[in-house]
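Here is a short tour of the model, best read with the viewer open beside it. Please follow along strand by strand.

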Amino acid sequence: QVQLVESGGGLVQAGGSLRLSCAASGIIFRINALAWYRQAPGKQRELVAAISSGGSTNYADSVKGRFTISRDYATVYLQMNSLKPEDTAVYYCNADILTGLAAPQSTHWGRGTQVTVSS
């Protein structure tokens, strides 16, 4: 079993910062891509940022220059600066994981952490 546990969400004023963390645990042979998604009320879940096993990153246009994704082996971080009310959403961690040498890659999700930005 693989578990992803997010932390670091909360309430912040516009212009403020938050740092999200997501720790992977369980039966893990290798972690490939890691990513953060978000879902605002009434909207579809969208990709915020992703980072490959080699460290390549990509960001949604709406967060470029404000958010930074990083990782160590089993943890992914999202540093969020200059937060805006439109960043309010539940943020989900996502990981592509191999649980064994011959196992197929599987995608795992955390339960989410709420980020609320007040104006």
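## The β7–β8 hairpin

R71 has V76 in β8 as its bridge partner. One register step away, S70 is bridged to Y77, also a residue of β8. Strands here, like helices, are DSSP runs numbered from the N terminus (E, at least two residues, for a strand; H or I, at least four, for a helix). Two strands are said to pair if DSSP finds at least two bridges between them. β7 and β8 (residues 75-80) run antiparallel and are joined by five bridges, and the two form a hairpin with three residues between them.

A word on the basis of all this: the model is predicted, so local features need pLDDT of at least 70 and side-chain atom pairs count only at pLDDT 80 or more, while totals for chains, interfaces and linings use all residues. Residues are numbered from 1 along each chain as its sequence is written, and side-chain values use heavy atoms, with hydrogens and water left out.

## The four-stranded sheet

The hairpin belongs to an open sheet of four strands, ordered β1-β3-β8-β7 with antiparallel pairing. At its edges are β1 (2-7) and β7 (67-71), each of which pairs on one side only. Neighbouring strands of this sheet are turned by 15° against each other on average, direction ignored; for such angles, axes are lines fitted to C-alpha atoms (for helices over the stretch in contact), and values run from 0 to 180 degrees between N-to-C directions.

On its other side, β8 pairs with β3 in the antiparallel sense over six bridges. Y77 of β8 stands opposite S21, and Y77 is also the bridge partner of S70. How much of β8 is covered? Five of its six residues are buried, so the strand is mostly covered. The accessibility classes use a 1.4 Å probe and protein chains only: buried is under 20% relative accessible area, exposed is over 50%, and partly exposed lies in between.

## The disulfide

How many disulfides does the model have? The count comes to one, with a disulfide taken as a pair of cysteine sulfur atoms within 2.5 Å. The link runs from C22 to C93, S to S 2.1 Å, and is left-handed, with -85° about the S-S bond. C22 sits in strand β3 (residues 18-26) and C93 in strand β9 (residues 89-98), so the pair ties together parts that are 71 residues apart in sequence.

Are these two cysteines buried or exposed? C22 is buried at 2% relative accessible area, and C93 is buried too, at 0%.

## The nonpolar core

A nonpolar core here is a set of buried Ala, Val, Leu, Ile, Met, Phe, Trp, Tyr and Cys residues joined through side-chain atoms within 4.5 Å. The largest one has 30 residues, and W36, V48, F67, V76, L78, M80 and Y91 touch the most other members. At least two residues each come from β1, β3, β4, β5 (46-51), β7, β8, β9 and β11 (113-118). β9 gives the largest share, five residues.

M80 is a good place to look around. Not counting residues up to four places away in sequence, M80 is in contact (heavy atoms within 4.5 Å) with G16, S17, L18, L20, R66, F67, Y91 and V115.

## A buried asparagine

N32 lies in strand β4 (residues 30-39). With a relative accessible area of 15%, N32 is buried. Its side chain makes a polar contact of 3.1 Å with the side chain of R30. A polar contact is a pair of N or O atoms within 3.5 Å; within protein, one must be able to donate a hydrogen and the other to accept it, and residues adjacent in sequence count only if both atoms are side-chain atoms. Leaving aside neighbours within four places in sequence, N32 is in contact with I51, S52, S53, R71, D96, L98 and Q105. Of these, R71 is the residue bridged to V76 in β8.

## Two loop residues

I27 is found in the loop between β3 and β4 and counts as exposed, at 53% relative accessibility. Beyond residues up to four places away in sequence, I27 touches Q1, V2 and T99. I27 and V117 are 90 residues apart in sequence and 35 Å apart in space, C-alpha to C-alpha.

S82 lies in the loop between β8 and β9. S82 is partly exposed, with a relative accessible area of 42%, and has a positive phi of about 50° although it is not a glycine.
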